[in-house]
Amino acid sequence: MALAVFVALVPISALSVMQASAVLDYHRQLIGNRLLIGALAMAGKERTPLIIAQRVVMTLSHDDDVRPPTPRCPEGLKAGLIDNPALVNVMRLDAQGRVLCSVLPAEPTISLGDEPWWQRGQLSRRFILSPPETSPISGERVIFGMQPLYDPAGKFDGAVIAAIRVAWLQNLLNEQKMSQHAVVAVASAQGEVLMIAGQDALPRFDVELATRNVVSAAAHDGRAWLYAAAPLYEGELYLINAEPRKELMATAIEQVRISLILPIVAILLTVAGIWLSTNRLVLRWLRRLSDLAGEFAQGQFHGEPEEFRNAPREIEQLSFDLHAMGRAVATRDRDLRTALEAKTALTSEVHHRVKNNLQIVSSLLTLQSSRVQDQIAREALDQARARIGALTQIHRLLHEDAFDSDVVDAAHLMTDICTQLRSLHSYQNHVELVCEAESCVVPVSNAVPLSLFAVEGMTNCYRHAFPSNRPGRITLRLTTRDGHGLLVIADNGLGYDGPADSNTVGTLLMTAFAQQLNGSADTTSSTGEGTRIVLRFPLAPPY
């Protein structure tokens with residue numbers, strides 16, 4: 001659920017990011033417009049002394065007392081300083097840059113002909129401005145405004161120059177700062193700062209680009225600036241309006257951060273609220289129901305329905321149904337246990353009575369055998385008594401010792417049968433019975449025919465292999481190989497030649513028992529070497 005809510009809020013976050021980007025672009029545009037408009041407005045004020053100087057020198061360049069200097073030249077130049085506090089001096093220089101006349105007294109040796117700006121003005125044929133420098137006449141920092149003069153033949157004939165006070169321009173700059181962090185500067189066409197209002201370290205300006213767009217640049221101290229430029233005079237001087245990028249964009253960036261953070265906070269709070277409420281209202285109850293189901297699965301039906309009283313109605317109802325089911329299962333288990341105990345007791349009684357009846361039949365046969373005078377009849381009764389005794393032993397092993405199991409250990413079964421046969425034929429103490437059996441399990445359904453086969457085979461050995469108290473040995477060996485059992489009953493008795501009589505009761509019984517085991521029986525004998533009976537049968541896999 002939290003993931004679904006998160007995915008649902010992602011488009012809103014994307015819109016917030018787009019809105020933040022749009023807000024940032026809008027603020028950049030506003031800032032750029034403000035810097036450009038500010039630069040143009042301040043340039044208009046800063047340009048006034050320059051325009052005045054240009055008009056003064058252009059007017060004086062047509063004055064008859066100035067163009068060819070006359071003794072009235074200083075008076076004519078002085079008229080240009082009236083009501084022009086930004087101008088400190090006006091001069092008329094010859095073609096070599098020497099002073100011909102000046103408002104302020106000037107040494108005849110003073111020459112400006114070696115200045116780079118003089119050479120540039122001589123070729124430009126228009127009014128130019130020099131970089132700020134110290135005037136050799138007034139000693140002040142000035143900017144020279146030069147109007148070149150030419151004779152009728154077009155030959156350079158010197159210039160009229162006005163010295164503009166840098167201090168005056170600096171005061172104008174200081175008065176025009178538009179914000180606390182703003183810096184106003186005058187730069188050359190090459191981007192070099194000529195004058196500045198403030199003490200900040202500024203980058204080198206790209207004035208041509210800055211007149212069209214707001215430009216970002218970093219100073220040598222790493223501080224980033226945004227600036228715009230406006231021309232002061234025909235591509236020679238530019239006014240720069242600059243502000244630190246960090247302070248200028250602080251408000252816009254803060255708004256962008258808020259636009260980005262608010263959706264994220266909303267998503268986190270929503271997911272947290274859903275998680276906490278879901279965990280408190282649903283998940284903890286579901287975990288308790290899961291634990292309760294585990295307890296019921298283990299047969300522990302002692303849960304308390306009251307603990308779900310404060311759960312949501314649906315979970316409370318589910319808990320009620322689960323407890324009702326647990327009570328029903330507990331009742332059914334109790335009834336089944338009672339029925340099983342009764343059935344077990346009845347089955348045990350039945351098996352006990354069967355065993356007793358078999359023992360009674362065996363006792364009756366023993367009693368009858370003792371009274372029969374005919375030897376053949378007595379042997380038949382003894383053989384029947386041995387078979388019934390084997391059945392009794394099998395019944396005890398299967399229904400008492402292995403009552404709760406579907407399989408029986410064949411080695412244990414063969415060992416007990418051998419013990420019983422030794423007891424029945426104790427009067428034949430001249431015959432040794434050896435039992436060797438590997439431990440393996442057989443289904444209960446196969447145990448009876450396997451046991452009766454073994455009893456029948458060993459009984460025949462006792463009866464026929466050792467006449468006239470002839471000593472000998474009977475060996476029973478049970479082994480397993482490749483998923484099959486191999487039962488071998490062998491004696492070293494008298495033996496016989498030729499095939500065995502297949503019509504005798506013992507032979508018929510052993511053949512029938514082998515068929516019940518889905519196996520095969522084979523009997524071989526030789527006079528003087530004894531008889532060997534082999535039963536091969538498949539072993540059912542253990543349960």
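Here are a few exercises on the predicted model above, each with a worked solution.

Some ground rules before you start: residues count from 1 along each chain as its sequence is written, and side-chain values use heavy atoms, with hydrogens and water left out. Local features need pLDDT of at least 70 and side-chain atom pairs count only at pLDDT 80 or more, while totals for chains, interfaces and linings use all residues.

**Exercise 1. Work out where strand S16 sits in its sheet and which strands it pairs with.**

Step 1: get the strand order. The open sheet has five strands, ordered S13-S15-S16-S18-S17, and the pairing is mixed. Helices (H or I, at least four residues) and strands (E, at least two) are DSSP runs, numbered from the N terminus. Two strands pair if DSSP finds at least two bridges between them.

Step 2: find the edges. Strand S13 (431–437) and strand S17 (520–526) are the edge strands, each pairing on one side only. On average, neighbouring strands here are turned by 10° against each other, direction ignored. For such angles, axes are lines fitted to C-alpha atoms (for helices, over the stretch in contact), and values run from 0 to 180 degrees between N-to-C directions.

Step 3: go through the partners of S16. Strand S15 (residues 472–481) pairs with S16 in the antiparallel sense over eight bridges. Along that pairing, Ile474 stands opposite Asp491, and Thr479 faces Leu486. S16 also pairs with strand S18 (residues 530–538), antiparallel again, over seven bridges; there His484 stands opposite Pro538.

Step 4: look at the turn. Two residues lie between the strands in the hairpin of S15 and S16, and Asp482 takes a positive phi near 55°.

**Exercise 2. Is S16 (residues 484–491) mostly covered or mostly open, and which helices touch it?**

Step 1: check burial. Six of the eight residues in S16 are buried, so to speak for the strand as a whole, it's mostly covered. Buried means under 20% relative accessible area, exposed over 50%, and partly exposed in between (1.4 Å probe, protein chains only).

Step 2: add the helices. Helix H10 (residues 410–424) lies across S13, S15 and S16, and runs at about 170° to S13. Helix H11 (residues 444–464) packs on the sheet too, touching S13, S15, S16, S17 and S18, with its direction at about 15° to that of S16. Contact here means heavy atoms within 4.5 Å.

**Exercise 3. Trace the aromatic cluster that includes Trp117 and Trp118.**

Step 1: list the members. Ring pairs link Trp117, Trp118, Phe144, Tyr150 and Phe156 into a cluster. Rings of Phe, Tyr and Trp (its six-membered ring) pair if their centres lie within 6.5 Å; planes under 30 degrees apart count as stacked, over 60 as edge-to-face and the rest as tilted. The structure holds six aromatic pairs.

Step 2: take Trp117 and Phe144. Their pair is stacked, at 5.3 Å centre to centre with 20° between the planes. Trp117 lies in helix H3 (residues 116–124) and Phe144 in strand S5 (residues 141–150), so the pair ties together parts 27 residues apart in sequence. Trp117 counts as buried at 3% relative accessibility, and Phe144 does at 1%.

Step 3: take Trp118 and Phe156. The ring centres are 5.7 Å apart and the planes sit at 75°, so this pair is edge-to-face. It links distant parts of the chain, with Trp118 in helix H3 and Phe156 in strand S6 (residues 156–165), 38 residues apart. Trp118 is buried at 1%, and Phe156 at 12%.

Step 4: add the charge. Arg125 lies over the face of Tyr150, 4.0 Å from the ring centre; the test is NZ of Lys or CZ of Arg within 6 Å of the ring centre and within 35 degrees of the ring normal.

**Exercise 4. Where is Ser130, and what does Ser130 contact?**

Step 1: place Ser130. This residue is in the loop between strand S3 (128–129) and strand S4 (133–134), and counts as buried at 1% relative accessibility.

Step 2: list the contacts. Leaving aside neighbours within four places in sequence, Ser130 touches Trp117, Ile143 and Phe144. A polar atom of the Ser130 side chain lies 2.8 Å from the backbone nitrogen of Phe144.

How values were computed
A polar contact is a pair of N or O atoms within 3.5 Å; within protein, one must be able to donate a hydrogen and the other to accept it, and residues adjacent in sequence count only if both atoms are side-chain atoms.
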